Amino acid sequence: MVAFFTTFIEQPIFNLLVLIYAIIPGHNFGLAIIIFTIIIRLLLWPLVRKQLHQTKKMRKLQPELKRVKKEAKGDRQKEAAMVMALYKENGVSAFGPIGILILQLPILIALYSGLRRVIGNPHQIISFAYPALQHLPWMQHLSTNIHAFDSTLFGLVDLSKVAVSNAGIYWPAMVLCLGSAAVQYFQSKQLLVTGKDTRKLRDILRDASSGRQSDQSEITSAVTNSTRFFIPVMVFIVTIRLASALSLYWFIGGLVAYMQQAIVLHEGEAELEAVADKTAARDVSSIPEAEVVETVPNSSQVSPKTKNQSRKKRRKK
């Protein structure tokens, strides 16, 4: 299993990063990670878009899920069947949103494993590369002078260092960790829809302790709202102990994801406006011409001459 992961996941991902590093001008490792991250997010774009559309559909179905719960009247089996039927009718997959997470996890693990190789032994950037990449001019130069390998982001951040270690706080890496957590917060917040009636999780738990039952949609909404704080905190805790190259990947990936989400959400609003415009146009055009009445400020203001002309037109018809 380990050999399979190394051969078919870790090595291809690592070599994509090495290829970018070897061919970009200046051969800056930090810039290579930025370009690598953008490429990965673009490759995942079809799945990201599908996941976001699934998420929007799930959010729109919340009122229907409340109705289903009331109709089921506590019958769990009936409620589950009605929910599945509702999902099928609206083209919603209950497992759709986790697809992007499943794909990103091995990428993150493979990148972490590959970076550990380079940080532990810079010669691995050559020995773990495919033979075709080893013959690139810059790679041949590194094979004779490994000290030419610069593991920094434009000389500002040493990407091999961690934010917090026994030596203290390495602030350039700490800035990346804080940026990763902040981007994750705004990325999560962007997908949330909170209304005036949205209750906090602690209020729901307090009511549950007193014997009052809460609606499942309320619980789901409260838990989702809580994750916008929980996930960024976890990202920060994890990244401060990892090489800052991972923090850079997470930070850039979060920025690109935020922009991708903004595009899809904007598309959703545009689609709704287009549907509304088409519906309005269809409704007006379907009204018979004889029924379209021009509105005037006050009927008493219409002159007798105008009234006589209207009567003559009706007689001709």
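Which residue lies over the face of Tyr170? Select Tyr170 and look above its ring: Lys161 is there, 4.9 Å from the ring centre. A charge counts as sitting over a ring if NZ of Lys or CZ of Arg is within 6 Å of the ring centre and within 35 degrees of the ring normal.

Before moving on, note that this is a predicted model, in which local features need pLDDT of at least 70 and side-chain atom pairs count only at pLDDT 80 or more, while totals for chains, interfaces and linings use all residues. Residues are numbered from 1 along each chain as its sequence is written, and side-chain values use heavy atoms, with hydrogens and water left out.

**Stop 1: another charge over a ring**

Now select Arg117 and Phe128. The charged end of Arg117 sits over the Phe128 ring, 3.9 Å from the ring's centre.

**Stop 2: the whole chain**

Zoom out and switch to a cartoon view. You should find 14 helices and four strands; helices (H or I, at least four residues) and strands (E, at least two) are DSSP runs, numbered from the N terminus. Of the 317 residues in the chain, 34% are buried, meaning under 20% relative accessible area (exposed is over 50%, partly exposed in between; 1.4 Å probe, protein chains only).

**Stop 3: helices α1 and α9**

Two packed helices are described by the angle between their axes and the distance between the axes. Colour α1 (residues 2–23) and α9 (residues 137–144): their axes come within 8 Å and cross at roughly 95 degrees. Axes are lines fitted to C-alpha atoms, for helices over the stretch in contact, with angles from 0 to 180 degrees between N-to-C directions. The two helices are therefore roughly perpendicular (65 to 115 degrees; under 35 is roughly parallel, over 145 roughly antiparallel and the rest oblique). Show Val18, Tyr21 and Ala22 of α1 with Trp138, Met139 and Leu142 of α9, which make the contact (heavy atoms within 4.5 Å). This contact has six nonpolar, no polar and no charged residues. Here Ala, Val, Leu, Ile, Met, Phe, Trp, Tyr, Cys and Pro count as nonpolar, Asp, Glu, Lys and Arg as charged, and the others, Gly among them, as polar.

**Stop 4: rings together**

Keep Tyr21 on screen and add Phe29 and Phe149: these three form one aromatic cluster. How many aromatic pairs are in the whole structure? A search finds eight. In one of them, Tyr21 and Phe29 meet edge-to-face, 5.8 Å centre to centre with 85 degrees between the planes. Rings of Phe, Tyr and Trp (its six-membered ring) pair if their centres lie within 6.5 Å; planes under 30 degrees apart count as stacked, over 60 as edge-to-face and the rest as tilted. Tyr21 and Phe29 are both buried.

Next, select Phe36 and Tyr249. Their ring centres are 6.3 Å apart and their planes at 45 degrees, so this pair is tilted. Phe36 lies in α2 (residues 29–43) and Tyr249 in α13 (residues 244–285), so the pair ties together parts that are 213 residues apart in sequence. Phe36 is buried at 0% relative accessible area, and Tyr249 is buried at 7%.

**Stop 5: a loop residue**

Finish at His27, in the loop between α1 and α2. His27 has a positive phi of about 50 degrees although it is not a glycine, and His27 is buried, with a relative accessible area of 18%.
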